[in-house]
Amino acid sequence: MKKVLLIYPYFIDDRIHVEEISPPPIGLYSVAAVLKEKDYDVEILDWHEMSGKTGEMKEILRDRKPDVIGVSLFHGNRWGGIEVARIAKAIDPGITIVFGGIGATFLWEHLLANFRDIDFVVLGEGEHSFLRLLQYLEREGSPGAPDIPGIAYRDHGIPNKTSDPEPIKDLDALPIPAKYYAYQHVSSSRGCAWDCAFCGSPKFWGRRIRFRSPRHFVEELSLLYQRGHTFFYFSDDTFTLDRERAIGICKSILEQGLDITWYAISRVDCVDEEILYWMRKAGCIQISYGIESGSERIRRVLNKRINRNDILRAFRLTRRYGILPRAYFMYGSPGETDETIGETITLINEIKPLSTIFYVLDLFPGTRLFESVKERMGLTDEIWLKKIEGILYFEVDPAISRQKILDYGKRLREAFYNHLHLFADADEMDLVDRKDLYPFHADFLSRLAMTFSHGDYAKVPSIKGRETIAQNLYESSLRYHPNQRAYLGLAIIKQKRRAFRDSLVVLNKGLRLFPESKSLHVCAGISHMNLGEYDLALSHFSPYKGSPEVEPYLSHCRKALAHGVR
């Protein structure tokens, strides 16, 4: 039986939002689970952070001695995958290298024509095709021309491919990867119903949506929960597309007693009050919506078929149900002007997002925009021989300069950060008045406060009154329901102001309700230390003797008490 390594290689460019691309795709785990069920010796290697570590990669490959390497590509990590293939073939010329994923599917001919170290490309969904390819290699003993749907290969040196694979009809029939692996990115469906011009999903999935049953999906969550994971990214293109099914998943999470939190992705025209209610009850704390532009004309160019009323409604309702609404915006699109950027800024101020991601429009294989630019400019896939992740649209449109793009990005980010103190005003939240949601409202407000007092927003000087925003949100949180995070956050703010006695008033209230809270005890101990009350500080620190975080405080208190300080 062959030894198989499945590798997720590094990207060329660094990311501001590294969490967007750092985890191996769930499809890689699904392929691995299928192989595990057939008793293959298979291992997943996350090499997302292996850029520049050629020696370490060589050492690992020599140690593992794989017979087959499967490389998972988006598009930006294709050069990382090519390096993996070159290193592996230099170590063992007889090893079989198989590329797969959306990046390999759209560039299979280019990859096989230009990179001799790649033996096969799996096209589309990889579970069945990759398994059959391994079985073929075991029968034949060497690469050749497999008669397997969904495989690309060289026929006498010329790139060729077999017939298209049939989509997997019953996703529940696939083994759940959580039986063998731990991960946090999960998906309950495959495919997207829409046809955005900048996205490769329509061509990859064929605009067909296939769903896992709520039972099957929640079973996966339960297995991961038993492994100790309590936070998840639901990676469905539109989690709420089938509202009854999405509500069923939420109810099943509650019935199973899974105390989890999670992020989701949706569309502004696919949410309503009932679905947001159940999502919040089941642990959803953030929903990302692709808005792309405040200009209706730009959205038409991008084929983003959403309207302004749905955008306003979705953001208002998401916030009302205590879920953080995050907005994705693109800039530098065809026809982008100062005026359209102004329209985006106007929309930002209207929808009041509590988190945003701003992207320069990038063109990738498999997207309608790239195909149109390719045809207009007479490009070929040879452009991908350059060490680039994608093609920034402004680079092929003389009407938009690099400086304009820099100015647009600066304007958008400044507009968001300069108004964020208004968006996060605790008095303007207008949370829905349902008593069963009060604990969730308290959680939402304290989480949001933490981003201003200790998280990402605490590091942005242009946000006005960060500490005051945080304090107001913490106080608002506690008006809804006792919340450990809110007590801690308020106490730390008071400590920063050196109001240690006031911080202890807050902490003592919190400790009466959460007597086992290590963070509250440690915070109280620090306040007592600053007041010179070392014996009281010691009483808070002592239960956590041996903790690396607490030991320095314990040592300080003991020394002070040894010198007679009380």
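## Strand S3 and its partners

Ile-69 in strand S3 is the bridge partner of Leu-5. This pairing belongs to a predicted model. Strand S1 (residues 3–8) and S3 run parallel and are joined by 4 bridges.

S3 also pairs with strand S4 (residues 96–100), again in the parallel sense, over 5 bridges. Here Val-71 has Phe-99 of S4 as its bridge partner. Between S3 and S4 the chain passes through helix H3 (residues 78–91), and this β-α-β crossover is right-handed.

## Burial of S3

Strand S3 covers residues 68–72, and 5 of its 5 residues are buried, so the strand is largely enclosed by the rest of the structure. Buried here stands for under 20% relative accessible area.

The residues of S3 point in two directions: Val-68, Gly-70 and Ser-72 go one way, while Ile-69 and Val-71 go the other. Residues on both sides are buried.

## The nonpolar cores

The largest nonpolar core has 166 residues. Within this core, Phe-99, Phe-130 and Trp-262 touch the most other members. Helix H15 (residues 402–423) contributes the most to the core, with 7 residues.

A second core, separate from this one, has 12 residues. Among them are Ala-537, Tyr-544, Ala-560 and Leu-561.

## Around Trp-262

Neighbours within four places in sequence are set aside for the contacts of Trp-262. Its remaining contacts include the phenylalanines Phe-231, Phe-232, Phe-234 and Phe-239. Trp-262 is also in contact with Cys-250, Ile-253 and Met-279, and with Ala-282, Gly-283, Cys-284, Ile-285 and Gln-286.

Definitions and conventions. Residues numbered from 1 in each chain as written. Predicted model: local features only at pLDDT ≥ 70, side-chain atom pairs only at ≥ 80, totals over all residues. Heavy atoms only, no water. Core = buried A, V, L, I, M, F, W, Y, C linked by side-chain atoms within 4.5 Å. Buried < 20%, exposed > 50% of the residue type's maximum accessible area, 1.4 Å probe, protein only. Contact = heavy atoms within 4.5 Å. Pairing = 2+ DSSP bridges. Right-handed = clockwise from strand over helix to strand, strands pointing away.
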